[in-house]
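Visitor: I have not looked at this structure before. Please take me through it step by step.

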Amino acid sequence: MTEICGIIGDLKREGEGEYVIPTSTIFGLDMAEVKQLVGEGLKIGDEDPRNDGVEVRGASPFKVMRILCSKYGWTTDGDVVSTEAPGGRTAAMWTLTRKVKA
């Protein structure tokens, strides 16, 4: 069995070689895992607790993936799914997986 989580980043190009990713959203983690990320120094909020997903402010999806993969057993194939978003932004999504602990 495999667990899956997703990370979405909203990217905006501000200038040549300058990209801004103010917020990343993580889907599929339980509260214990979210607390682990808070313990790693990430600023996590939940704007809409009725729906899945928490927002990470001040950390790019790459920093979040580095923490999840190096410390908590998640892996990614590196493939990104991207689409245009309003306001000249691009939404990018990565899928992370790990084997379910027996």
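Visitor: Which residues touch the most other members of the largest nonpolar core?

Guide: This is a predicted model. Its largest nonpolar core holds 21 residues. The members that touch the most others in that core are I26, V64, L68 and L96.

Visitor: Which element gives the most residues to this core?

Guide: Two or more core residues come from each of β1 (2-15), α1 (31-39), β5 (54-57), α2 (61-71) and β8 (89-99). With 4 residues, the largest share is that of α2.

Visitor: What is I26 in contact with, leaving aside its neighbours within four places in sequence?

Guide: I26 is among the core residues that touch the most other members. With those sequence neighbours left aside, its contacts include V64, and V64 is also named among the core residues with the most such partners. The full list is G6, I7, L37, G53, V54, V56 and V64.

Visitor: Is T25 buried or exposed?

Guide: T25 is in strand β3, which covers residues 23-27. Beyond its neighbours within four places in sequence, T25 contacts G6, I7, I8, G53, V54 and E55. The relative accessibility of T25 is 18%, and the cut-off for buried is under 20%, so T25 counts as buried.

Visitor: What is the relative accessible area of G15?

Guide: G15 belongs to strand β1. G15 is classed as partly exposed, a class that lies between 20% and 50%. The value for G15 is 22%.

Visitor: How many Å separate the C-alpha atoms of G15 and W74?

Guide: Along the chain, G15 and W74 are 59 residues apart. In space, the distance between their C-alpha atoms is 33 Å.

Visitor: In what order do the elements of the chain run?

Guide: The chain has 2 helices and 8 strands. Read from the N terminus, the order is β-β-β-α-β-β-α-β-β-β.

Visitor: What is the radius of gyration of the chain?

Guide: The C-alpha trace spans about 45 × 30 × 25 Å along its principal axes. For 102 residues, a compact globule would have a radius of gyration near 13 Å. The chain agrees with that, at 14 Å.

Visitor: What percentage of the contacts with a separation of 6 or more is due to residues 24 or more positions apart?

Guide: One example of a contact across the sequence is that of I26 with V64. Over the chain, the share of such contacts due to residues 24 or more positions apart is 56%.

Visitor: How far apart are the mean positions of the positive and negative charges?

Guide: The chain has 13 positive and 16 negative charges. Their mean positions are separated by 5 Å.

Terms used
Residues numbered from 1 in each chain as written. Predicted model: local features only at pLDDT ≥ 70, side-chain atom pairs only at ≥ 80, totals over all residues. Heavy atoms only, no water. Rg over C-alpha atoms; globule rule 2.2 N^0.38 Å. Contact = heavy atoms within 4.5 Å. Lys, Arg positive; Asp, Glu negative; His and termini not counted. Charge placed at Lys NZ, Arg CZ, Asp CG, Glu CD. Core = buried A, V, L, I, M, F, W, Y, C linked by side-chain atoms within 4.5 Å. Buried < 20%, exposed > 50% of the residue type's maximum accessible area, 1.4 Å probe, protein only.
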